[in-house]
Each structure stands twice: as C-alpha cells, then as structure tokens.
Amino acid sequence: TQIEIAHQWLELLDLTSLAKQPFSQLSYGEQRLVLIARAVVKLPLILILDEPCLGLDNQHRKQILALIDYITRHCNTHILFVSHDSRDQLSCLTHQLTFKPSDEGFIIEQGDLQ
C-alpha cells in the first residue's frame, strides 16, 4: 500500500520519470520534494519541517510551499513549519511563534495568522 501511495505522490509532484534514479543523483530541490513526500506516505499526524526551503532556487521553493499547502488541505497532517525567511509564507499556517532577542535570552510572541 505504501509503495502505491509513494507512486501517487511522485505522480502528483511530476517526478515519476525519476522514480528509478538513485537519491544521490537527484537535484537538491528534487531531494527535498521526495523527502517530504516520503514522510507523508506514512500519514503522520504531525510533520515537522525545519527550514525546508533553505538553499532552494525560486522554482523549487514554490514547489515546496505548494506541496506543504497541498498536504494541509488533503491530508490529516498538522504542520510545524520552522523558517527564518520571510518569503516562506503559507496560507495554510494559522499560528506563529516569534522569538525575539532580549537581555535575558528571548521573548516568545504568539500570534494568529488568520
């Protein structure tokens, strides 16, 4: 069942032509897409993504962000998305924690995004 689901994710991501390629021969952006899809195959309740767009070109950044939005709309998976890049805005995110430096360490601010 998981193999079938994995093939469906590859098709969704338009990566079926790369299904037989060794992971090491995929581009950095393709590797990121495949790793996220691999995690979702197991239908996790929570998916923790720590800087998933770091080091990506604009095309792969858009693909990753679109994939995350897709996951939140079509799966029963909650996303914990960590980013230091203000370009990484997602419509699916509902809450935000901001860590601001202070004399005693950090101040944590919580806010709703919607």
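User: I'd like to start with pockets. What is the volume of the largest pocket?
Analyst: Happy to start there. This is a predicted model, and in it the largest pocket has a volume of about 760 Å³. To place it on the structure, look for the lining residues closest to its centre: of the 23 that line this pocket, these are F81, V82, H95, Q96 and L97.

User: Which strands each supply at least two residues of that lining?
Analyst: Strand 2 and strand 3 (95-102) each do so. You can also read a lining by the class of its residues. Here 9 are nonpolar, 12 are polar and 2 are charged.

User: How does the second largest pocket read, and what is its volume?
Analyst: Its volume is about 310 Å³. It has 15 lining residues, and the closest to its centre are A6, L10, A19, V34 and R38. Helix 1 and helix 2 are the elements that give two or more residues to the lining, and helix 1 gives the most, with 5 residues. By class, this lining holds 12 nonpolar, 2 polar and 1 charged residues.

User: Now the inside of the protein. How should I think about a nonpolar core, and which residues touch the most other members?
Analyst: The general idea is that nonpolar side chains tend to be buried together in soluble globular proteins. In this structure the largest nonpolar core has 23 residues, and W9, I36, I71 and F81 touch the most other members. The elements giving two or more residues to this core are helix 1 (2-12), helix 2 (28-41), strand 1 (46-50), helix 3 (58-74) and strand 2 (78-82).

User: Let me follow one of those residues. What is I36 in contact with, leaving aside neighbours within four places in sequence?
Analyst: I36 is in contact with L47, L49, P52, I64, L67 and I71. Try picking out each of these partners in the structure above.

User: What about aromatic rings? How many aromatic pairs does a search of the whole structure find?
Analyst: First the general idea: a pair of aromatic rings is described by the distance of the centres and the angle of the planes. The search finds 1 aromatic pair here. The ring centres of W9 and Y70 are 5.8 Å apart and their planes stand at 85°, so this pair is edge-to-face. It links distant parts of the chain, as W9 lies in helix 1 and Y70 in helix 3, 61 residues apart.

User: Is W9 buried or exposed? And why is Y70 described as partly exposed?
Analyst: W9 counts as buried because its relative accessibility is 9%, and the cut-off for buried is under 20%. Y70 has a relative accessible area of 26%, so it is partly exposed.

User: Can we try a charged residue? Where is R61 found, and is it buried or exposed?
Analyst: R61 is found in helix 3. With 7% relative accessibility, R61 counts as buried. Not counting residues up to four places away in sequence, R61 touches C53, L56, D85, R87 and D88.

User: One last residue, L113. Where is its place, and what does L113 touch?
Analyst: L113 sits in the segment after strand 4 (105-112). At 37% relative accessibility it counts as partly exposed. Setting aside residues up to four places away in sequence, L113 touches L93, T94, H95 and Q96. You can also compare sequence with space: L113 and L90 are 23 residues apart in sequence, and 9.8 Å apart from C-alpha to C-alpha.

Conventions: Residues are numbered from 1 along each chain as its sequence is written. This is a predicted model: local features need pLDDT of at least 70, side-chain atom pairs count only at pLDDT 80 or more; totals for chains, interfaces and linings use all residues. Side-chain values use heavy atoms; hydrogens and water are left out. A nonpolar core is a set of buried Ala, Val, Leu, Ile, Met, Phe, Trp, Tyr and Cys residues joined through side-chain atoms within 4.5 Å. Buried means under 20% relative accessible area, exposed over 50%, partly exposed in between (1.4 Å probe, protein chains only). Helices (H or I, at least four residues) and strands (E, at least two) are DSSP runs, numbered from the N terminus. Contact means heavy atoms within 4.5 Å. On a 1 Å grid over the protein atoms alone, a cavity is a set of points where a 1.4 Å probe fits but cannot get out, and a pocket is an open set with protein on both sides within 12 Å along at least five of seven lines; lining residues have an atom within 4 Å of a point. Grid points are joined across faces, edges and corners, and a volume is the space filled by probe spheres set on the points. Ala, Val, Leu, Ile, Met, Phe, Trp, Tyr, Cys and Pro count as nonpolar, Asp, Glu, Lys and Arg as charged, and the others, Gly among them, as polar. Rings of Phe, Tyr and Trp (its six-membered ring) pair if their centres lie within 6.5 Å; planes under 30 degrees apart count as stacked, over 60 as edge-to-face and the rest as tilted.
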